[in-house]
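The following note is offered as a colleague's reading of the structure shown below. Its points take up the metal site, the charged pairs, the aromatic contacts and the helix packing in turn.

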Amino acid sequence: PPRRIRELAIATKGFMPPEEGDALWSAALEAGHALPGLAFLEVGAYCGRSTLWLAAAARECGTTLWSLDHHAGSEEQQAGWEWHDASLVDPATGRMDSLPTYLATLERAGVRDVVVPIVGRSRDVSARWIAPLAFVFIDGGHGVEPARDDWRGWGPRVAPGGYLAIHDVFVDPRDGGRTPHDEIYVPALASGEYRESSAVGSLRVLQRAS
Ligand code: MG
């Protein structure tokens, strides 16, 4: 990816290791070239870290990145949980709100023209979504229900020949929670519709049959 975008991504709050971000970028590029004209979508944008790698790929392919998050933090990011960041709590409401930080990330990186933020719940958006997508990146809530909803809601929206990338796929439970593995990765392969295309760290990229 362009060096400046990559450096800004690495400096942004979030949990995507740089080598996985680079792999995400290259998978999205592949998808954009395979299916010109179709957009990308990410679920779970948080402060915009992974968004920047995907935005760089979207720009290069001349497409749009739909970037979805309710910005109220997933369960494991609420106060008292392991991934909580108190600096993202809105003092007016006492609730987590990653939207201001996220928008500032997009602004700083100059990617507002290729990224369309969607502030809402994944399940509500996927239920009304009709456009086929070249690339879907799922990095949303890691509870059983949100992960299951993300697979059921977004799996069918990946165009034939398109790609589905999943973050935090841990085969060994000692490395992290098993939900994305059990509720997204395994069902996708078991559907017979997807085959594995690449794997870097906990990032898995699957391609849908054409
Ligand atoms: Mg993640």
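1. Status of the model and a first salt bridge. The model is predicted. Asp-85 and Lys-13 form a salt bridge in which the closest N and O atoms are 2.7 Å apart. This pair links distant parts of the chain, 72 residues apart: Asp-85 belongs to the loop between β2 (65–69) and β3 (89–90), and Lys-13 to the loop between α1 (3–11) and α2 (18–34). Asp-85 counts as buried because its relative accessibility is 19%, and buried means under 20%. Lys-13, at 35% relative accessibility, counts as partly exposed.

2. Salt bridges in and around α6. The structure contains 12 salt bridges by the rule applied here. One of them joins Glu-145 to Arg-148, with the closest N and O atoms 3.7 Å apart. Both residues lie in helix α6, where a separation of three residues amounts to about one turn of the helix. Glu-145 is partly exposed, its relative accessible area being 45%, and Arg-148 is likewise partly exposed, with a value of 27%. The pair does not stand alone, as Glu-145, Arg-148 and Glu-183 are linked in a network of salt bridges.

3. The salt bridge of Arg-174. Arg-174 forms a salt bridge with Asp-172, and the closest N and O atoms are 2.8 Å apart. How do the two partners stand with respect to solvent accessibility, exposed or buried? Arg-174 has a relative accessible area of 75% and is therefore exposed, since exposed means over 50%. Asp-172, at 25% relative accessibility, counts as partly exposed.

4. The magnesium site. Which residues coordinate the magnesium ion? The ligands are Asp-139 through OD, His-167 through ND1 and Asp-168 through OD, at 2.2 to 2.3 Å. Along the chain, the donors of the magnesium ion follow the spacing D-x27-H-D. Asp-139 and His-167 link distant parts of the chain, being 28 residues apart: Asp-139 is in the loop between β6 (133–138) and α6 (144–154), while His-167 is in the loop between β7 (158–166) and α7 (179–190). Asp-139 and His-167 are both buried.

5. Aromatic pairs: the two tryptophans. Six aromatic pairs are found in a search of the whole structure. Trp-66 and Trp-129 make an edge-to-face pair, at 5.2 Å centre to centre and with 85° between the planes. Distant parts of the chain are linked by this pair: Trp-66 is in strand β2 and Trp-129 in the loop between α5 (122–128) and β6, 63 residues apart. Trp-66 is partly exposed, with a relative accessible area of 29%. Trp-129, by contrast, counts as buried because its relative accessibility is 13%.

6. Aromatic pairs: Trp-151 and Tyr-194. A further edge-to-face pair is formed by Trp-151 and Tyr-194, with 5.9 Å centre to centre and 65° between the planes. Here too the pair links distant parts of the chain, 43 residues apart, with Trp-151 in helix α6 and Tyr-194 in strand β8 (residues 194–200). Both Trp-151 and Tyr-194 are buried. Helix α6 thus holds Trp-151 of this pair as well as Glu-145 and Arg-148 of the salt bridge in point 2.

7. An aromatic cluster. Phe-15, Tyr-46 and Trp-83 form one aromatic cluster. The cluster may be inspected beside the pairs described above.

8. Packing of α1 and α3. Helix α3 (residues 49–61) packs with α1 at an angle of about 165°, and the axes of the two helices are 7 Å apart. Are α1 and α3 roughly parallel or antiparallel to each other? They are roughly antiparallel, because angles over 145 degrees are placed in that class. The passage of α1 by α3 is a left-handed crossing.

9. A residue of α1 and its distance from Gly-141. Ile-10 lies in helix α1 and counts as partly exposed, at 34% relative accessibility. Ile-10 and Gly-141 are 131 residues apart along the chain, and their C-alpha atoms are separated by 22 Å.

Terms used
Residues are numbered from 1 along each chain as its sequence is written. This is a predicted model: local features need pLDDT of at least 70, side-chain atom pairs count only at pLDDT 80 or more; totals for chains, interfaces and linings use all residues. Side-chain values use heavy atoms; hydrogens and water are left out. Donors are N, O and S atoms within 2.8 Å of the metal (3.2 Å for Na, K and Ca); water is not among the atoms, so sites may look incomplete. Helices (H or I, at least four residues) and strands (E, at least two) are DSSP runs, numbered from the N terminus. Buried means under 20% relative accessible area, exposed over 50%, partly exposed in between (1.4 Å probe, protein chains only). A salt bridge is a side-chain nitrogen of Lys or Arg within 4 Å of a carboxyl oxygen of Asp or Glu. Rings of Phe, Tyr and Trp (its six-membered ring) pair if their centres lie within 6.5 Å; planes under 30 degrees apart count as stacked, over 60 as edge-to-face and the rest as tilted. Axes are lines fitted to C-alpha atoms, for helices over the stretch in contact, and angles run from 0 to 180 degrees between N-to-C directions. Angles under 35 degrees count as roughly parallel, over 145 as roughly antiparallel, 65 to 115 as roughly perpendicular and the rest as oblique. A crossing is left-handed if the near helix is turned anticlockwise from the far one by less than a right angle, and right-handed if clockwise.
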